[in-house]
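Dear colleague,

Please find below the structure that I am handing over to you. My findings follow directly after it.

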Amino acid sequence: MDTSTIPHPARRVPFLGDILGVSIRTPVQDSMRMGRALGPIFARRVLGRDIVFITSAALTAELADDSRFAKHVGVGLEQLRPLAGDGLFTAYNAEPNWQRAHNILMPAFTQSAMHGYHPTMLTVARQLISSWDDSAERATPVDVVGDMTKLTLETIGRTGFGYEFGSFDRDEVHPFVTAMVGALRFAQQETFLLPFMARLRRRAIAANKRDIEFMSAEVDRVVQARRSSGADSDADLLGLMLQAADPQTGERLDEVNIRNQIITFLIAGHETTSGALGFALYYLLKNPTALARAQAEVDEVWGSDRDVDPTYQQVTKLRYVRRVLDEALRLWPTAPGYAREAREDTVLDGTYRVRKGEWVMVLLPMLHRDPAVWGDPEKFEPDRFLPENVRARSGHAFKPFGTGERACIGRQFAIHEAMLVLGLLLHRYDLHDSENYDLRVTELLTVKPDGFQMTLSRR
């Protein structure tokens, strides 16, 4: 793709590219800053490689045309392939296991499946609440994102694979999370390094190898535990992987791909949701009117009993809480971008020629701030997602779960889990900004609040 006519940062350094004033740890936020200055399409050059970013709903709508564009496994995702292989999110379009796994696993994400997961989600959420009750009694701050990570890892482990990580039985971070963070950080750094630099990073490469080996061994223990139990149910993800066949071809998943899929779901199924919960709680903490409105809705729907176990249907009735979640995902989509590649030679925006196989990146935090769509885009305003407001704007202006046939398969799972947890916390606690926390965003391919703490009191 000829990027010579595409806006780019002015202070470009020969060979190194657009590196002035940027950090290897904050590529998303650096790109956001560039996008604000350069407009709806711009290019970054990183060590001789050009990356074209899209930030407008109009151009994103073009990229959503599946007859012209398909998913591209590139920046970020490609660096995860040593860990997740041909899992659902990292498989190349031509790899057969993507479609096979998608067909096999779809029953795990139906509405009836969500009903089945609800009691387990509630059990894990009660473990979190027990921990937070102790903190509320002592008036000590809670580590919001750390605790959300424990909750979401435990939830996907139990609902998806019938496996308990014991996240709330330990004070320290679970070793799987430590290894995952290391692998994600390594993948992010690999995105911005040249191959010859590997010689300078032997320790990092060795550490990444150990992280991958540990995560793979942990997953093998999950599979072995299921096989040793003698359970033959196909009611969860692991059961489907071990027993079900592709309804179209009759083929099953092989052992290596089962491991790749489990790693994919363990990472994607908890890393993004924990970040979404963290951002939602942050924005509620900083917006007392929205917080009071959300609490009032939960009280109205669930009643005054703070120990109530809400039903699946009661969670779905929290419409304002859902708008809070969507607005947090608008401002900080935890998977902050996706890439699309041209199926054939085409022209984008009637101007930019894109050859077959070339790709562009949708920068979601900037798409979700497109001034042509979102008035006062930095303001936290959940009523942007009232039904009449959603109908009035482009369906391509809000894409936190990706687009097309390879959009996030676990979207409904993540939404229900997040709404259940938000509802339970808002029903039980008042939130206090005792730390005067200012939002800092940490990036590990996904984004999360960094160092976010708050104190609680029982309602």
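Asp 326 counts as buried because its relative accessibility is 10%, under the 20% limit for that class. This residue belongs to helix α13, which spans residues 319-331. I should say at once that the model is a predicted one, and every value in this message is to be read accordingly.

Apart from neighbours within four places in sequence, Asp 326 is in contact with Phe 385 and Phe 398. A distance to another part of the chain may help you to orient the view: the C-alpha atoms of Asp 326 and Ala 84 are separated by 28 Å, with these positions 242 residues apart along the chain.

Phe 398 deserves a description of its own. It is found in the loop between α15 and α16 (411-428). Phe 398 is buried, as its relative accessible area is 17%. From C-alpha to C-alpha, Phe 398 and Asp 326 are 9.1 Å apart in space, while 72 residues apart in sequence. Which residues does Phe 398 contact, leaving aside its neighbours within four places in sequence? They are Asp 326, Leu 329, Arg 330, His 368, Trp 374 and Phe 385. Phe 385 is thus in contact with Phe 398 and also with Asp 326.

The loop between α14 (364-367) and α15 (387-392) holds Asp 376, and Pro 377 has its place in that loop as well. Asp 376 has a phi near 45°, a positive value in a residue other than glycine. Its relative accessibility is 52%, so Asp 376 counts as exposed. Pro 377, at 21% relative accessibility, counts as partly exposed. If residues up to four places away in sequence are not counted, Pro 377 touches Arg 330, Leu 331, Arg 369 and Arg 384. Arg 330 is therefore a residue that Pro 377 touches and that Phe 398 contacts too, where contact means heavy atoms within 4.5 Å. Pro 377 and Asp 66 are 311 residues apart along the chain, and their C-alpha atoms are separated by 28 Å.

A positive phi is also found at Leu 445, where it is about 70° although the residue is not a glycine. Leu 445 lies in the loop between β10 (441-444) and β11 (446-449). With a relative accessible area of 24%, Leu 445 is partly exposed.

Gln 99 is in helix α4, residues 96-105. This side of the description is brief: Gln 99 is partly exposed, at a relative accessible area of 30%. Between the C-alpha atoms of Gln 99 and Val 315 there are 32 Å in space, and the two residues are 216 apart in sequence.

I turn now to the interior. The largest nonpolar core has 141 residues, and those with the most contacts inside it are Leu 105, Trp 132, Phe 161, Leu 281 and Met 454. Helix α10 (residues 255-286) gives the most to this core, contributing 15 residues. Leaving aside neighbours within four places in sequence, Leu 281 is in contact with Trp 132, Val 144, Met 148, Leu 422, Leu 425, Leu 431, Phe 452 and Met 454.

The protein as a whole can be summarised as follows. It has 16 helices and 12 strands. A compact globule of 459 residues would have a radius of gyration near 23 Å, and the protein, at 22 Å, agrees with that. Along the principal axes, the C-alpha atoms fill a box of roughly 65 × 50 × 45 Å. Of the 459 residues, 54% count as buried. Among contacts with a separation of 6 or more, residues 24 or more positions apart account for 73%.

As to the surface, the accessible area comes to about 19,500 Å², and carbon and sulfur atoms hold 51% of it. The protein has 55 positive and 60 negative side chains, with the centres of the two sets 4 Å apart.

Yours sincerely

Technical notes: Residues are numbered from 1 along each chain as its sequence is written. This is a predicted model: local features need pLDDT of at least 70, side-chain atom pairs count only at pLDDT 80 or more; totals for chains, interfaces and linings use all residues. Side-chain values use heavy atoms; hydrogens and water are left out. Helices (H or I, at least four residues) and strands (E, at least two) are DSSP runs, numbered from the N terminus. The radius of gyration is taken over C-alpha atoms; the globule rule is 2.2 Å times the number of residues to the power 0.38. Buried means under 20% relative accessible area, exposed over 50%, partly exposed in between (1.4 Å probe, protein chains only). Accessible areas come from the Shrake-Rupley method with a 1.4 Å probe; for residues, only the protein chains shown count as cover. Lys and Arg count as positive and Asp and Glu as negative; His and the chain ends are not counted. The place of a charge is taken as NZ of Lys, CZ of Arg, CG of Asp or CD of Glu. A nonpolar core is a set of buried Ala, Val, Leu, Ile, Met, Phe, Trp, Tyr and Cys residues joined through side-chain atoms within 4.5 Å.
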